[in-house]
Amino acid sequence: MFTLKALQKNKTIKYGVPMLLLVVGGSFGLREFTQIRYDSQRIRKKLDPSLEAKVNVERQPVILEEEYEKIKKVNMEEWRNIRGPRPWEDSREYQDQQRSRLDEKP
């Protein structure tokens, strides 16, 4: 039916098949290269033993308890919420206003 010369003249076979192979093969190739990238990042992110001892999972509750004790010591009665300047406000001028208001109040 089809001869070799007829297949060479067919544009689908001449241009379409190589393009399809390039796209499909490229996706498989990129997958392998990205996997190598993520594997190397995982190896680099491993903690050294001295740091890993500090981040030990068994010690985590103790760290939280220590932080809770620190927060309990903070006097929350004297705490005041002071907003920062808006983007359209001059930050230096606003900070000066806030400082003068703090100096006026007992």
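## Starting at a helix end

Which residue caps the N-terminal end of α2? That job falls to N10, with a side-chain oxygen placed 3.1 Å from the backbone nitrogen of T12. Keep in mind as you look around that this is a predicted model.

## The overall picture

The chain is a helices-only affair, with 5 helices and 0 strands. Going along the sequence, you meet them in the pattern α-α-α-α-α.

Not much is tucked away here: of the chain's 106 residues, 2% count as buried. The accessible surface adds up to about 10700 Å², and carbon and sulfur atoms account for 59% of that.

## A walk along α2

Helix α2 takes in residues 11-44. With its 34 residues, α2 spans 49 Å between its first and last C-alpha, close to the 50 Å expected at 1.5 Å a residue.

Part of this stretch also carries a label from a record: an unreviewed UniProt entry annotates residues 12-30 as "transmembrane region". In the model, that span is 100% helix and 0% strand, and its end C-alpha atoms sit 25 Å apart.

## A nonpolar patch

Have a look at M19, L20, L22, V23, V24 and F28, which together make a nonpolar surface patch of about 610 Å². M19 belongs to helix α2. M19 counts as partly exposed because its relative accessibility is 49%, and a residue has to be over 50% to be called exposed.

## Charged partners

The chain has 5 salt bridges by the count used here. One of them pairs R42 with D39, at 3.3 Å from N to O. Why are these two about one helical turn apart? It's because R42 and D39 are 3 residues apart in helix α2. As a rule, an α-helix has 3.6 residues a turn, so residues three or four places apart point the same way. The two partners differ in cover: R42 is exposed, at 53% relative accessible area, while D39 is partly exposed, at 29%.

E67 and K70 form another salt bridge, with 3.4 Å from N to O. This pair sits in helix α4, which covers residues 60-73, and here too the partners are 3 residues apart, so about one helical turn separates them. E67 is partly exposed, with 37% relative accessible area.

Then there is the salt bridge between E32 and R31, whose closest N and O atoms are 3.6 Å apart. E32 is partly exposed at 46% relative accessible area, and R31 is partly exposed as well, at 47%.

Terms used. Residues numbered from 1 in each chain as written. Predicted model: local features only at pLDDT ≥ 70, side-chain atom pairs only at ≥ 80, totals over all residues. Heavy atoms only, no water. Helix = DSSP H or I, 4+ residues; strand = E, 2+ residues; numbered from the N terminus. Buried < 20%, exposed > 50% of the residue type's maximum accessible area, 1.4 Å probe, protein only. Areas by Shrake-Rupley, 256 points an atom, 1.4 Å probe, with all protein chains shown as cover. Patch = residues over 30% accessible without salt bridge, like charges linked within 9 Å, V, L, I, M, F, W, Y side chains within 5 Å. Salt bridge = Lys/Arg side-chain N within 4 Å of Asp/Glu carboxyl O. Expected span 1.5 Å × (residues − 1). Polar contact = N/O pair within 3.5 Å; in protein donor to acceptor, adjacent residues only side chain to side chain. UniProt positions renumbered as here; feature names shortened; annotations may be inferred.
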